[in-house]
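Please look over the sequence and the model shown here. A short report follows them.

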Amino acid sequence: MRIDILTILPRLLDGPFADSILNRAQKNGLCEIHIHNIRDYSTDKHKSVDDYQFGGGAGMVMLIQPIADCIDKLKAEREYDEIIYLTPDGDRLNQSMCNTFSLGKNLLMICGHYKGIDQRLRDHYVTREISIGDYVLSGGELAAAVLVDAIVRLIPGVMNDETSALTDSFQDNLLAPPVYTRPAEYNGWKVPDVLTSGNFKVIDEWRMQQAFEKTKTRRPDLL
Ligand code: ADE
């Protein structure tokens, strides 16, 4: 999979992809992440990327030209499964969307700032508008990093068995059950007997029951 990210703050994206699973995925050739500085595409002599909004009001709006030129260049080189705009007024991200995105070949993400991008970019280029939750970040970069992480870990081959995505919370609309590791007793706090019983059928049933109870209490909307 190839992911292109358009941003005015490329340095914000240096960190999230440089370590752990996302770094390994890139090294193993399972995904390529390309960061594009929107300012590099500005034809304006001051390299502007934003301007005042028509109709007045506080806050700047990101200009069409640099973003459109960058997208046009990338689209001439390959087809994109989705052109995603990260925005708090988008569809709220969930695991099932991540599963679908992870099947794509090429994804393009646009990070907004200030009041956001000119609506005409949304009308004529963007195919999906995604929010990572009902709160407002200072820009779309951290949201893009969250989205990339949630997608890339699902690409076949990225995670090994120990980190299998199949037993994650939300994969079957259930929150994950509690997990324990050694020692079996710490400070008098004991691991549930069932987990040390060696009976995997009973262990599976216990985990399912725990997942169900947790979901019923914390997220009944998922059931
Ligand atoms: N940009 C600012 N806030 C955001 C959010 N909650 N989700 C996606 N992009 C954003």
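The report covers the pockets, the ligand surroundings, the cysteines and some points of backbone geometry.

## Basis of the values

This is a predicted model, in which local features need pLDDT of at least 70 and side-chain atom pairs count only at pLDDT 80 or more, while totals for chains, interfaces and linings use all residues. Residues are numbered from 1 along each chain as its sequence is written, and side-chain values use heavy atoms, with hydrogens and water left out.

## The largest pocket

The largest pocket has a volume of about 550 Å³. Its lining is made up of 24 residues, and those closest to the pocket centre are Thr167, Pro177, Pro178, Val179 and Arg207. Sorted by class, this lining holds 16 nonpolar, 3 polar and 5 charged residues. Here Ala, Val, Leu, Ile, Met, Phe, Trp, Tyr, Cys and Pro count as nonpolar, Asp, Glu, Lys and Arg as charged, and the others, Gly among them, as polar.

The search runs on a 1 Å grid over the protein atoms alone; a pocket is an open set of points where a 1.4 Å probe fits, with protein on both sides within 12 Å along at least five of seven lines, and lining residues have an atom within 4 Å of a point. Points are joined across faces, edges and corners, and the volume is the space filled by probe spheres set on them.

## The second largest pocket

For the second largest pocket the volume is about 300 Å³. It is lined by 22 residues, of which Leu86, Thr87, Pro88, Val136 and Leu137 are the closest to its centre. By class, the lining divides into 10 nonpolar, 9 polar and 3 charged residues.

Two strands, S5 (82-92) and S7 (128-131), each supply at least two residues of this lining. S5 gives the most, with 5 residues. Helices (H or I, at least four residues) and strands (E, at least two) are DSSP runs, numbered from the N terminus.

## Ligand surroundings

The ligand is surrounded by 13 residues, the closest being Thr87, Ile132, Gly133, Tyr135 and Leu137; a residue counts as near if one of its heavy atoms lies within 4 Å of the molecule. Three polar contacts to nitrogen atoms of the ligand can be described (a polar contact is a pair of N or O atoms within 3.5 Å; within protein, one must be able to donate a hydrogen and the other to accept it, and residues adjacent in sequence count only if both atoms are side-chain atoms). A polar backbone atom of Thr87 is 3.2 Å from a ligand nitrogen. For Ile132, a backbone N or O atom lies 2.9 Å from a nitrogen of the ligand, and for Leu137 the corresponding distance is 3.0 Å.

Gly133 also has a contact within the protein: its backbone oxygen lies 3.0 Å from a polar side-chain atom of Ser131. Ser131 lies in strand S7 and is buried, with a relative accessible area of 2%. Buried means under 20% relative accessible area, exposed over 50%, and partly exposed in between (1.4 Å probe, protein chains only). The C-alpha atoms of Ser131 and Ile21 are 23 Å apart, with these positions 110 residues apart in sequence.

## Cysteines

Why is Cys31 without a bond to Cys98? The sulfur of Cys98 is the closest cysteine sulfur to that of Cys31, but at 14 Å it is too far for a bond. Cys98 is likewise in no disulfide. With a disulfide taken as a pair of cysteine sulfur atoms within 2.5 Å, the count comes to 0.

Both cysteines count as buried: Cys31 has 3% relative accessibility and Cys98 has 2%.

## Backbone geometry

Arg182 and Pro183 are joined by a cis peptide bond, with omega about 5°. Pro183 is found in the loop between helix H5 (141-152) and strand S8 (185-186).

Positive phi values occur at Ser20, near 55°, and at Asn187, about 60°; neither residue is a glycine. Ser20 belongs to helix H1 (residues 20-27) and is exposed at 55% relative accessible area. Asn187 sits in the loop between S8 and strand S9 (189-190) and is exposed at 62%.

## A buried loop residue

Leu13 is placed in the loop between strand S1 (2-7) and H1. Leu13 is buried, with a relative accessible area of 3%. Its C-alpha atom is 7.8 Å from that of Ile35, a residue 22 positions away along the chain.
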